[in-house]
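Colleague: I am new to this structure, and I would like to hear the reasoning behind the labels that are put on it. Could we go through them one at a time?

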Amino acid sequence: MDPKKPLARTQPGGENVRRRHLPSAPANETNRLARPITRVIALLALSALINYIDRGNLSIAASLLKDELGLSASQLGILLSSFFWTYCLFLPVSGWLVDRFDVRWVMALGFFLWSGATAVTGGLHTFAALLAARLMLGIGESVAYPCNGKILAQYVPEVGRGFANALIAAGVGCGPALGTFFGGTLMARYGWRPFFIVLGVVSMAWLIPWFAWMPRGSAAVSPVEESGAGFLEILKQRSMWGTCGGLFGANYVLYFEITWLPFYLVRERHFSMGTMAKIGGLGYLCYAAAAVLFGWISDRWIAAGGSPTLVRKTFVGAGAGSAGLLLLGCALASPTVSVILLLLAFAAGGMCGSNIWAITQTLAGPKMAGRWTGLQNFLGNLAGVIAPAVTGFVIDHTGRFFVAFVIMAVVALMAALSYIFVIGAVKEIAWEG
């Protein structure tokens, strides 16, 4: 036995891995280290905003698109879920690329690809062509979260990760909010095609500050070392499966909202396109505001002595379970009460979203953040494949949304249990190699 090699010990739940406690930086040093990356975090939040406008804009146009192309609910469900086929498939590939190559270029190429796919969509006229564009969009957007995870694990200390991830989660919420409100309003007035074309072309300007502001490795809080660990060692961790199960449930709720909520509000609740845009937009703003609030609270709690395990799990578990139950209540309530419950459900989703990736970044560390994030997002985003398609088939067979809401609530509760009981201690794994 090598006397210099620390002994492995079995963690509660069976994770037979070596873990280490990383020393905490003083508060003033933490703040100083975090400042150089502030602009990059803002850019990542902006990219998340653009990302979620792009992936959700087809759902905003769903009612118009269905009538123009004569699509069935099942065909529309396939179009809405097709983005996730390639998105999920390429996530592990993107995670590997992020851990092996310069994150600046991986992010830039993916951003260019997904913005181009959005612009091209506005000129298409057939189901097959739209399907191909959505598949291309999924390939491009697959780089986003692995890049985010790598950058935050490397440049942001633990006490700042809740708020940094919350800003990105706020971008996730503001994207659909702006897309629903302005997109719905503009589509009602000018049609859906100009919106897609202008959005895709204008988004390209993001690449200019990205290359100007992305720092080099010398500014890192946790410099990246080479690791011999690979995907197989990640898959051996019980916490990996806990993060995947939790993300699947949280995403099932979010992607149901992104893909089918506009259609539900217009066709089943009988709101106008304009009213739908206002309700949906306000809901996503509630998501964004709650993400920032609870991300900030989580970091302050940890700075005051709370353990990352207790803090992060509390917010993700309570947020995921509450979101599903509140949305189920929305399906049962009167129109006025349903809107209130809908807004509260969005806020609960923001509570969950503020800490999901902080858990992953701490567990994986800078060595493995790209690959862990890619794998987790691959499995978690299968919800994006399943939720829109299942909802479409449920509507075709029942003529209503109620059963789809029940399924979503059950999945959300399972996500909460996964976060609380399957994930182990939230501290960095000491990887082999």
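Colleague: Why is Arg-55 called buried?

Modeller: In this predicted model, Arg-55 has 3% relative accessibility, and since buried means under 20% relative accessible area, Arg-55 counts as buried.

Colleague: What makes Glu-141 count as buried or exposed?

Modeller: The relative accessibility of Glu-141 is 0%, and the cut-off for buried is under 20%, so Glu-141 is counted as buried.

Colleague: Why is the contact between Glu-141 and Arg-55 called a salt bridge?

Modeller: A salt bridge needs a side-chain nitrogen of Lys or Arg within 4 Å of a carboxyl oxygen of Asp or Glu; the side chains of Glu-141 and Arg-55 meet at 3.0 Å, N to O, so the pair fits that definition.

Colleague: What does the pair of Glu-141 and Arg-55 tie together?

Modeller: Because Glu-141 lies in helix H6 (residues 127–141) and Arg-55 in helix H2 (residues 38–60), the pair ties together parts that are 86 residues apart in sequence.

Colleague: How do you know that Asp-99, Lys-150 and Arg-371 belong to one network?

Modeller: Asp-99 forms a salt bridge with Lys-150, with the closest N and O atoms 2.8 Å apart, and Asp-99 also forms a salt bridge with Arg-371, where the closest N and O atoms are 2.8 Å apart. Salt bridges that share partners join Asp-99, Lys-150 and Arg-371 into one network. Asp-99 and Lys-150 are both buried, and Arg-371 is buried as well.

Technical notes. Residues numbered from 1 in each chain as written. Predicted model: local features only at pLDDT ≥ 70, side-chain atom pairs only at ≥ 80, totals over all residues. Heavy atoms only, no water. Helix = DSSP H or I, 4+ residues; strand = E, 2+ residues; numbered from the N terminus. Buried < 20%, exposed > 50% of the residue type's maximum accessible area, 1.4 Å probe, protein only.
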